[in-house]
Amino acid sequence: MHKVDIIIPVYKVEPFLRRCLDSILAQTFSDWRAICVDDGSPDGCPAILDSYAAKDSRFLVIHKENGGLSDARNVGLDIADAEFYMFIDSDDFIHPQTLEIGVHLAEKHKSDIVTWYRDSLYRNQQVKLCRLLHKDPITSVPWRYGKRYNPDKIRCHSSDNLIGHCSDWNHPHISWAIKHNHVFKFLLRRSTTGDLRFIKGMTFEDINWWSEMMLKSLRVTITHLPLYYYYPNPSSIMKGSRAASVQQNVLRAINITYLTYREKATPYQMRHWSRHIKWAILRGMSKQFGKLNDASSREQVRLTYRQMLDEGVFDDARTLSNRRAYVRICRFVGAKDNLQTVSPLIRALT
């Protein structure tokens, strides 16, 4: 049995796949298995995966009919039997010490989850600079890729209050924040976290999966090292989704999670998730109403917001930031009566 299973869903990422797999081969920690789930990819990805598996038995390739990202991840989870597991999106890649650092911190602090950051310098500056200079960003090595860390000297923080560190705000006022609902930035202990599955057919499946993980009593170790290299691929699900589709899928994820929390969460967990996850997402979503140009799609989104408003999903809009988003939502759906509960000052500022 391997120490770490790395689950990699693969679909139409031929230009990026070798870079992802090579970053796994470059790991300083060698006791791993890569579970590569070919989700019916119609390009050259299946052949690339098979070629890596033929050269290194640590690559396990599963070929299946297309079922979507959530389904592919679930297939990988069903196969995983290592002590730890993690996810990598196949158009991204990782720092050579990711596994070494993750396993070291998990064992040192007896943690169920170890979390790190994605390299914002690579995504926000290096890739954009390459495109500006008409250079291929895919072959560009991240500026911090060659940096080496001493695992014993890494700054980190361990806590038994997982949800208390989680937030979807860009700049949360939380010490040692775990920012955003991205599944690719965790090393997870299978014995305590491996029972959770993704909802098949969900586009923004991270929200539900990670929000439900937050309900567990888990010990987490947090480091802000930039160990993950997220590539802004224009054809990815996130980049390729249209405004109305994004709204509908995110709202579905929020609504499902809200119902889960209403049933399972403690009052503290509900308050924290609502303030730092739900309203953080809704604030950004409510600023995108102007991009809903298609009348039919706009009306469908409006109906979804109206239904959630009537079901009480937005009833806890208390803080200044939340109330601004709440006012935008009420105005969007035409809920004038709901605006009477918000102060004139907030209405004027929004």
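**Figure 1. Tryptophan 176 in the loop between β8 and β9 of the predicted model.** Tryptophan 176 is buried, with a relative accessible area of 18%; the cut-off for buried is under 20%. The loop that holds tryptophan 176 runs between β8 (166–167) and β9 (178–179). Most residues other than glycine have a negative phi. Tryptophan 176 is not a glycine, yet its phi is positive, at about 55 degrees. Tryptophan 176 is also among the residues that threonine 223 touches, and threonine 223 is the subject of the third view.

**Figure 2. Histidine 180 in the loop between β9 and β10.** Histidine 180 is placed after β9, in the loop that leads to β10 (186–189). Its phi is positive as well, at about 75 degrees, although histidine 180 is not a glycine. The relative accessible area of histidine 180 is 16%, so this residue counts as buried.

**Figure 3. Threonine 223 in strand β11 and its surroundings.** Strand β11 covers residues 220–229, and threonine 223 belongs to it. With a relative accessible area of 1%, threonine 223 is buried. A polar atom of the threonine 223 side chain lies 3.4 Å from the backbone oxygen of arginine 155. Leaving out residues up to four places away in sequence, threonine 223 touches Leu105, Thr115, Trp116, Tyr117, Ile154, Arg155, Cys156 and Trp176. Arginine 155 therefore appears twice in this view, once through its backbone oxygen and once in the list of residues touched by threonine 223, which is itself buried at 1%.

**Figure 4. Aspartate 206 in helix α7.** Helix α7 spans residues 205–213 and includes aspartate 206. Aspartate 206 is buried, and its relative accessible area is 13%. The side chain of aspartate 206 has a polar atom 3.2 Å from the backbone nitrogen of valine 183. Residues up to four places away in sequence aside, aspartate 206 touches Arg73, Asn181, His182, Val183 and Ser211.

**Figure 5. Strand β2 between its partners β1 and β3.** 8 of the 8 residues of β2 are buried, so the strand is largely enclosed by the rest of the structure. In a regular strand the side chains alternate between the two faces of the sheet. Both faces of β2 are covered: Trp32, Ala34, Cys36 and Asp38 are buried on one side, and Arg33, Ile35, Val37 and Asp39 are buried on the other. Strand β1 (residues 4–10) runs parallel to β2 and is joined to it by 7 bridges. One of the bridge pairs sets valine 4 against tryptophan 32 in β2. From β1 the chain crosses through helix α1 (residues 14–25) to β2, in a right-handed β-α-β crossover.

**Figure 6. The pairing of β2 with β3.** Strand β2 (residues 32–39) and strand β3 (residues 59–64) run parallel and are joined by 6 bridges. Valine 37 has isoleucine 62 of β3 as its bridge partner. Aspartate 38 stands opposite histidine 63 in β3. Together with helix α2 (residues 45–55), β2 and β3 make a right-handed β-α-β unit.

**Figure 7. The second largest pocket and helix α10.** The space in the second largest pocket is about 200 Å³. Its lining is made up of 14 residues. Of these, Arg271, Ser274, Arg275, Asp316 and Arg318 lie nearest the centre of the pocket. Helix α10 (residues 267–286) gives the largest share of the lining, with 6 residues.

**Figure 8. Lysine 287 and serine 296, two exposed residues.** Lysine 287 is placed in the loop between α10 and α11. At 54% relative accessibility, lysine 287 counts as exposed, because the cut-off for exposed is over 50%. Lysine 287 and glutamine 247 are 40 residues apart along the chain, and their C-alpha atoms are separated by 11 Å. Serine 296 lies in helix α11 (residues 295–310). Serine 296 is exposed too, with a relative accessible area of 51%. From C-alpha to C-alpha, serine 296 and alanine 244 are 9.7 Å apart in space, with their positions 52 residues apart in sequence given as their separation.

Note on methods
Residues numbered from 1 in each chain as written. Predicted model: local features only at pLDDT ≥ 70, side-chain atom pairs only at ≥ 80, totals over all residues. Heavy atoms only, no water. Helix = DSSP H or I, 4+ residues; strand = E, 2+ residues; numbered from the N terminus. Buried < 20%, exposed > 50% of the residue type's maximum accessible area, 1.4 Å probe, protein only. Polar contact = N/O pair within 3.5 Å; in protein donor to acceptor, adjacent residues only side chain to side chain. Contact = heavy atoms within 4.5 Å. Pairing = 2+ DSSP bridges. Right-handed = clockwise from strand over helix to strand, strands pointing away. 1 Å grid on protein atoms, 1.4 Å probe; cavity = no way out; pocket = protein on both sides within 12 Å on 5 of 7 lines; lining within 4 Å. Points joined across faces, edges and corners; volume = space filled by probe spheres on them.
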